[in-house]
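Please open the structure in your viewer, with a cartoon representation and a way to select residues by chain and number. The tour below moves from one selection to the next and says what is to be found at each stop.

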Amino acid sequence: MRTIAKAFLCLFAAFVLGSAHGEELTPDALVKNVTLEVVELIAKDKEIRGNRNKLIELIDEKVLPHFNFTGMTALAMGQGWNKANAEQKKRLTEEFKILLVRTYASALAAYAEQKFDFRPLRAKPTDTDVTVNVRVLQPGAQPVPIDYSMEKTPAGWKVYDVMVGGVSLVANYRTEFNNTVRDSGIEGLIKTLSAKNRTLEAAGAAPQK
Amino acid sequence: MRFPGSVVLLAALAACATAQGDPRDPFEGFNRGVYRFNETVDAAIAKPVATAYRDLVHEEIRNRVRNFFSNIADLFIGVNNLLQGKIQDGVEDWARFAFNSTFGLLGIHDVATDMGIEKHNEDFGQTLGRWGVADGPYLVLPILGSSTLRDSVGTAADIYTDPVGDFRPIRLRNSAVALRLVNVRADLLDASRILGEAALDKYVFQRDAYLQRRRSLIYDGQPPREERPPEPEPTPEERRSEAPVNAAPAADVNDDLRRVPQPTHP
């Protein structure tokens, strides 16, 4: 419980990937640049942390372009993905994206100036599917590893899974998604996700403690 | 000891194992009950106390408290590393304990980390896992939360060997144990809020994260990568025959991980 929750505390870095300035960035350089850029923005602007909408804007602009949300949703759905039609796939991806962005905004608000250790990439230059390792350092505790699974696409390197402390975000949704699809079908899952997002939105509108 | 008790308890519970559920979690109904109990206790006592602690006690002092208990824990983290044959890690843990207990003033300053001797995370449950003991069924323990049959045995050993348990007088020991719990819970305030926001079903989300996390810890962050194309969903009959009665074979536990489909390439 303790370690798990701690891992989730570090989810914030899980999505810290922002805009690439050059197309030819290696995946590890991309992760490093964007992580540092976002963390610096948060450190500079104290007010942004208490403002959920500003955080989400920041994530939209800096982080989202580097994620393959369709790939993430497909992985999280497992075999259920093939049961969905094109339009359902689109709605699923959209709702899952909103949920992840909200979770990330929440984690970013809890960021407490931890330091990062960017590990050298262990991959051949020709590889098209790599894992980028970052570690979050905190005094009195084992560093928390954050591993980004990334693939090369014509539009640059894209993240398709994030492992925080050995916990794959995508795999962790699989049981929940499968259970919901089994009980109430694809439409049921879309409804559940969108209801969850609406609840969070309503709660986020209230003043944040 | 807790172990024989757990076995009796499990035998009694085997009767109410559900057929539909996750093969790693045959006692889901019972576990959910304990989980609800834990959530109630947490909301009524642990969370308010931890929140007050975080709001009233200065961050510097909270860091010292965390370091103090972290230093004491390094002793048996070292023992576990040696038991797992990781001699260098074990020696590092004891070096940490030596430096932090002296130069770090009884551990309140983590000077070892500044010297580049990194903190490790080990316990008896991980040592058993390293020795090849399978997780066994998932269990939610009262107050302590997520565990497995194997990790429950490990936790019993952790508690039995806990140096804080030897603090005397008893009142000092009890205060130390309480302070440690409050400190741990306070560190988790943000995390538990995020968990509540991220999960569709908190119980399932936390269980799956726990099982993934333990697997990663046992392999020190390098679990064998097991990916293969999706398989057809097992029928309820197959699931039932797969359901572990006492201890699941190691492979079963990671079934979900192995069923990861390849990412779609647009």
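What follows is a walk through chain A and then chain B of a predicted model.

**Chain A as a whole**

Begin by selecting all of chain A and colouring it by secondary structure, which comes to 8 helices and 5 strands. Followed from the N terminus, the elements run α-α-α-α-α-α-α-β-β-β-β-β-α. If you then colour by burial, 49% of the 209 residues of chain A count as buried. In a contact map of chain A, among contacts with a separation of 6 or more, 61% are between residues 24 or more positions apart.

**The sheet of chain A**

Select the strands of chain A next: 5 of them form an open sheet in the order β1-β2-β3-β4-β5, with antiparallel pairing. The edges of this sheet are β1 (115-118) and β5 (167-168) of chain A, each of which pairs on one side only.

Now narrow the selection to β3 (residues 144-153) and β4 (residues 156-164) of chain A, which run antiparallel and are joined by 8 bridges. As a landmark within this pair, show A:Tyr148, which stands opposite A:Val162 of β4(A). When you display side chains here, keep in mind that in a regular strand they alternate between the two faces of the sheet.

Staying with β3 of chain A, pick A:Thr153, which lies in that strand. Is A:Thr153 buried or exposed? Neither label applies, because A:Thr153 has 14 C-beta neighbours inside 10 Å and therefore counts as partly exposed. Draw a distance from its C-alpha atom to that of A:Thr128, and you should find a separation of 8.1 Å between two residues that are 25 residues apart along the chain.

**Helices of chain A**

Add helix α3 (residues 27-44) of chain A to the view of the sheet; the helix lies across β1, β2 (129-137), β3 and β4 of chain A, and runs at about 35 degrees to β2(A).

For a packing between helices, select α5 (residues 52-62) and α7 (residues 86-109) of chain A, whose axes come within 9 Å and cross at roughly 115 degrees. Because of that angle, α5(A) counts as roughly perpendicular to α7(A). The contact is made by A:Arg52, A:Leu55, A:Ile56 and A:Ile59 on the side of α5(A), and by A:Val101, A:Tyr104, A:Ala105, A:Leu108 and A:Ala109 on the side of α7(A). As a guide to such spacings, an α-helix has 3.6 residues a turn, so residues three or four places apart point the same way. Viewed as a crossing, the passage of α5(A) over α7(A) is right-handed.

**The hairpin of chain B**

Move to chain B and select β1 (residues 138-141) and β2 (residues 145-148), which pair in the antiparallel sense over 4 bridges. One bridge to look for joins B:Val140 to B:Ser146, its partner in β2(B). The two strands form a hairpin with 3 residues between them. Which residue in the turn has a positive phi? That residue is B:Ile143, with a phi of about 65 degrees. B:Ile143 is exposed, because 11 other C-beta atoms lie within 10 Å.

**Backbone details in loops of chain B**

Next, centre on B:Leu106, found in the loop between α4 (87-102) and α5 (111-114) of chain B. B:Leu106 has a positive phi of about 60 degrees, although it is not a glycine. With 13 C-beta neighbours inside 10 Å, B:Leu106 counts as partly exposed.

Then go to B:Pro169, in the loop between α7 (149-161) and α8 (170-187) of chain B. The peptide bond leading from B:Arg168 to B:Pro169 is cis, and its omega is near 0 degrees.

**The last stop: α9 and α10 of chain B**

Finally, select α9 (residues 189-198) of chain B together with α10(B); their axes come within 9 Å and cross at roughly 115 degrees, and the crossing is right-handed. Here B:Leu195, B:Gly196 and B:Ala198 of α9(B) meet B:Lys202, B:Phe205 and B:Gln206 of α10(B).

Keep α10 (residues 202-218) of chain B selected and check its length: at 1.5 Å a residue its 17 residues should span 24 Å, and the end C-alpha atoms are 24 Å apart, which agrees. The helix α10(B) is mostly covered, since 14 of its 17 residues are buried. After α10(B) comes B:Asp220, with a positive phi near 50 degrees.

Technical notes: Residues numbered from 1 in each chain as written. Chains lettered and ligands numbered in written order. Predicted model: local features only at pLDDT ≥ 70, side-chain atom pairs only at ≥ 80, totals over all residues. Expected span 1.5 Å × (residues − 1). Buried ≥ 20, exposed ≤ 12 C-beta atoms within 10 Å, placed from the backbone. Pairing = 2+ DSSP bridges. Contact = placed C-beta atoms within 7 Å. Axes fitted to C-alpha atoms, helices over the stretch in contact; angles between N-to-C directions. Parallel < 35°, antiparallel > 145°, perpendicular 65-115°, else oblique. Left-handed = near helix turned anticlockwise from the far one by under 90°.
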